[in-house]
Amino acid sequence: MNLTLERGGALSSVDLSMPRFKGTVIGFWTVTALFCLQIGFTAYAQLRLPQVAEAFTHLGFPDYFRVELSLAKLLGVVLLLAPVPARLKEWTYAGFAITLGSALVAHLSVGDGPEAWGWAAGTGVLWGLSYFFWRRLEAMPASA
């Protein structure tokens, strides 16, 4: 990083291309790992924990949907972490956006409080950050 002071005490332009790229990569993998851990945990909980199965019943969903959603989440985690074509990754992000948005709508429609829908909202923030960093990485030239 080259910093030089110009006359008058102002800093001249700084070449931050490499640190910016590294920061984007680190940001992407950090948030994406947290997002995938959260989604993986919810998929496990939906398959194994009886109280989560009861929550799905409370929301009005059939039991098979809980299993189907869990398997789709696990597949989505694999696709986000694997080196797959950008179009497939884009569809994976879209699927997670629909899932998280639907979870918020489902909880709000039955009158659940923040203790129920807060997890979906927090996971949505992780989703948004992961998607933001992924798009930044996709927009960078291959030589960066």
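Contact here means heavy atoms within 4.5 Å. The model is predicted, so that local features need pLDDT of at least 70 and side-chain atom pairs count only at pLDDT 80 or more, while totals for chains, interfaces and linings use all residues. Residues are numbered from 1 along each chain as its sequence is written, and side-chain values use heavy atoms, with hydrogens and water left out.

**Exercise 1. Describe the surroundings of T92 and of L80.**

Step 1. T92 lies in helix α4, where helices (H or I, at least four residues) and strands (E, at least two) are DSSP runs numbered from the N terminus.
Step 2. T92 counts as buried, at 9% relative accessibility; buried means under 20% relative accessible area, exposed over 50%, and partly exposed in between, with a 1.4 Å probe and protein chains only.
Step 3. Leaving aside neighbours within four places in sequence, T92 is in contact with G76, L79 and L80.
Step 4. With the same kind of neighbours left out, those within four places in sequence, L80 is in contact with F35, C36, K89, T92, Y93 and F96.

**Exercise 2. Which residues have the most contacts inside the largest nonpolar core, and which elements build this core?**

Step 1. A nonpolar core is a set of buried Ala, Val, Leu, Ile, Met, Phe, Trp, Tyr and Cys residues joined through side-chain atoms within 4.5 Å.
Step 2. The largest such core has 13 residues, and F35, L80 and F96 have the most contacts inside it.
Step 3. Two or more residues each come from α1 (17-48), α3, α4 (86-109) and α5 (114-139), and α1 gives the most, with 5 residues.
Step 4. As background, nonpolar side chains tend to be buried together in soluble globular proteins.

**Exercise 3. Is W134 buried or exposed, and which residues does W134 touch?**

Step 1. W134, which lies in helix α5, is buried, with a relative accessible area of 5%.
Step 2. Not counting residues up to four places away in sequence, W134 touches F28, A86, K89, E90 and Y93.
Step 3. The C-alpha atoms of W134 and T24 are separated by 8.4 Å, although these residues are 110 apart along the chain.

**Exercise 4. Assign the two faces of helix α2.**

Step 1. In helix α2 (residues 50-59), the buried residues are V52, A53, F56 and L59.
Step 2. These residues lie on the same side of α2, because they cover an arc of only 115 degrees around the axis, the arc being that of the directions from the helix axis to the C-beta atoms.
Step 3. The face turned away from the buried side carries the exposed residues P50, Q51, E54 and T57.
Step 4. Just after α2, G60 takes a positive phi of about 95 degrees.

**Exercise 5. Place L74 within the protein, then describe the whole chain.**

Step 1. L74 lies in helix α3 and is partly exposed, with a relative accessible area of 37%.
Step 2. For the chain as a whole, the secondary structure comes to 5 helices and 0 strands, and buried residues make up 29% of the 144 residues.
Step 3. Among contacts between residues at least 6 apart in sequence, 62% join residues at least 24 apart.
Step 4. The chain exposes about 9,200 Å², of which carbon and sulfur atoms supply 67%; accessible areas come from the Shrake-Rupley method with a 1.4 Å probe, and for residues only the protein chains shown count as cover.
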